[in-house]
Amino acid sequence: MSSIAPARIDVPVETVEAHPVGEKPKGGRGLVMTLVLAVVAIFWISPLALLVITAVRPLSDFIGNGPLSWPAEFTWSNFKDAWGIGNFATTYRNSALLALMKVPLGVLISAMLGFALAKLRMKFRRTVMFSVFLGLTIPIYIAIVPVFIMMRQAGATDSIFGLIGPYLAFGIPFEVLVLQSFFRQIPDEIIEAAKVDGAGDWRVFFTMILPLSLPALVTVAILDAVATWNEFLFALILLNSDAHKTIPVGLLNFQGQFANNNTGLAAGILIAVVPILIAYTLLQRWIVGGLTAGATKG
Amino acid sequence: MATIALPKPQVAKGKRGGRWSPWLFALPALVVYVAFLVYPALSSLFFSLTNWDGLSATYKFVGLENYFKLPSDPVVVTAVRNNLIWTVVTIAVPTVIGLLLAMALNGKVHGKPILRLVFYTPAVLPLVSIASIWGWLYNPQYGAINSFLKLIGLDGLAQPWLGQDSTALWAVMVPAIWLRTGFPMLLYLAALQGIPNELYEAATVDGATKWQQFWHVTMPSLRPAHYIVLALSLIDSFKVFDMIYAMTYGGPGTSTQVLGTWMYFNVFQYYQAGYGTAIAVVITLVAIAVGIPYVRSQTKEAS
């Protein structure tokens, strides 16, 4: 699972304001720079733009006029073909189900551990912390053979349930790192006040810590959902029947079958990435805030 | 509870839960972490000392034999070389482009939110889909890249990018760069916005040129960002697997094998689980070694 670890999360902030205070982009240099960046941006996004253009044209048109031409004709049939042959109804359901089970559970247990590390007096706290953070550096390959054996013994290969354990374990280091640093910023006084009123650790956790940390929890959940949705290696090894594949593994299969159908392939790739693209566009404020908060500290 | 004489007068002394309470919070995550990460990692260490084929019920303990075999395996030599090239290129290029984009976006520019959105977009896509997209762009016959080269009159440069030893690894690195530029850009952009304007004003008063300002104001202020970018890229670069697997499958021949894919092939194709896990152990040790300073700094910060 890709691990992007900011050292600290504050409330997601819009980070687009121009740095030189009071300077508005105007005329001359600003315009030139904007043009240069716009050209770079068009170039940057061109693979996706080409993908969209190719997905909505008939194959004959694509082959006849070449990949860089504007479509002479538009069609939706590529999507219909790709959806059926690519088994996307199934892979979508599997990926969504997996994320729905894994993400909330992962965030909850990571938040609990983060709370213990940040706010409770725990023996071996530093050792636990170091061991858990060390997980950020551990590549998945080191675990695949034993996990495969473990799952085979448990009869959990070829089932998305078998993925939950490994996904949780490899997500924990990042989630704990981010959450504990957020919890740390909650003043001890308000916790102590609650304790004086007779609240136990659990009540403090559920009625104070979690609600106060909502922005961090949301950011972590989003990043974790993206990582879960995209994970490939464990899914490749543990799932083998088409009925149980997730989106990335399904897409790889599909790519093989559509090698000679460029327009269908483009449509299939789009089907696989559109939900992520939509989610990213809508939620980018949270993602950007979470990723960058660590960079600004001194 | 007689816990008053403690050095740190931290949070309430767990009056209710007692001293076991923290462990109740920690346990679920720790159990999962140990069961599915620590334990498998340690048993891999054990398997790497055996001649297990991955299927039979029995295997023999062979000591360090698998490790001694590594240097004489020509594919391991190729893979190590590829890993090194991959690491250097996919850290250096995205970091430099990311910094340049961040500096441009931090200046007087229109439409920043859109530009930022565009440049970060590749980073949220599944690696497999990025591999598919670029595999399709590189297609020798119908791919957009060769078509573009022909369009601008460079027919001679059109070639099977992924299909020949000389270009395959570089061709796979291009999408990796595409994907990995967004993160440094975001991080640098946030860091640049945190540099107080007074520093630049003072430098201007002192007669510093733009170039001097960059080296003496901007770069030193970005040190924490450099550190995070470098540490996380290093950890990430070493784990490369998905892109190579999905784009070239290690080929043509074995020219784009990296340690991650070669490990996979040994375990799941050639039934040499012992040897394959030895490769995994080597990658892991290197990844831990480069990651430890970062992990240590994070732990220290939290204590």
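These are my notes on the contact between chains A and B, one helix pair in it, and one residue of chain A.

**Entry 1: the A/B contact.** I'm working from a predicted model. I looked up how many residues each chain puts into the contact: chain A gives 101 and chain B gives 95. On the chain A side, I found that helix H13 (residues 262-292) gives the most, with 13 residues. I also sorted that side of chain A by class and got 67 nonpolar, 22 polar and 12 charged residues.

**Entry 2: H4(A) against H1(B).** Next I picked helix H4 (residues 88-119) of chain A and helix H1 (residues 21-47) of chain B, whose axes come within 8 Å and cross at roughly 135 degrees. Angles over 145 would count as roughly antiparallel and 65 to 115 as roughly perpendicular, so I have H4(A) and H1(B) down as oblique to each other. The crossing is left-handed. From H4(A), the residues that meet H1(B) include A:Ile109, A:Met112 and A:Phe115. Among their partners in H1(B) I noted B:Pro22, B:Phe25 and B:Leu30. By class, I get 12 nonpolar residues, 1 polar and no charged in this helix contact.

**Entry 3: A:Val103.** I stayed on helix H4 of chain A, where A:Val103 sits. Is A:Val103 buried or exposed? I count A:Val103 as buried, because it has 24 C-beta neighbours inside 10 Å and the cut-off is 20 or more. Leaving out residues up to four places away in sequence, A:Val103 touches A:Ala221, A:Asp224, A:Ala225 and A:Thr228. I also checked A:Val103 against A:Ile190: they are 87 residues apart in sequence and 29 Å apart in space, C-alpha to C-alpha.

Methods: Residues are numbered from 1 along each chain as its sequence is written. Chains are lettered from A and ligands numbered from 1 in the order in which they are written. This is a predicted model: local features need pLDDT of at least 70, side-chain atom pairs count only at pLDDT 80 or more; totals for chains, interfaces and linings use all residues. Two residues are in contact if their C-beta atoms, placed from the backbone, lie within 7 Å. Helices (H or I, at least four residues) and strands (E, at least two) are DSSP runs, numbered from the N terminus. Ala, Val, Leu, Ile, Met, Phe, Trp, Tyr, Cys and Pro count as nonpolar, Asp, Glu, Lys and Arg as charged, and the others, Gly among them, as polar. Axes are lines fitted to C-alpha atoms, for helices over the stretch in contact, and angles run from 0 to 180 degrees between N-to-C directions. Angles under 35 degrees count as roughly parallel, over 145 as roughly antiparallel, 65 to 115 as roughly perpendicular and the rest as oblique. A crossing is left-handed if the near helix is turned anticlockwise from the far one by less than a right angle, and right-handed if clockwise. A residue is buried if 20 or more other C-beta atoms lie within 10 Å of its own, exposed if 12 or fewer, and partly exposed in between; C-beta atoms are placed from the backbone.
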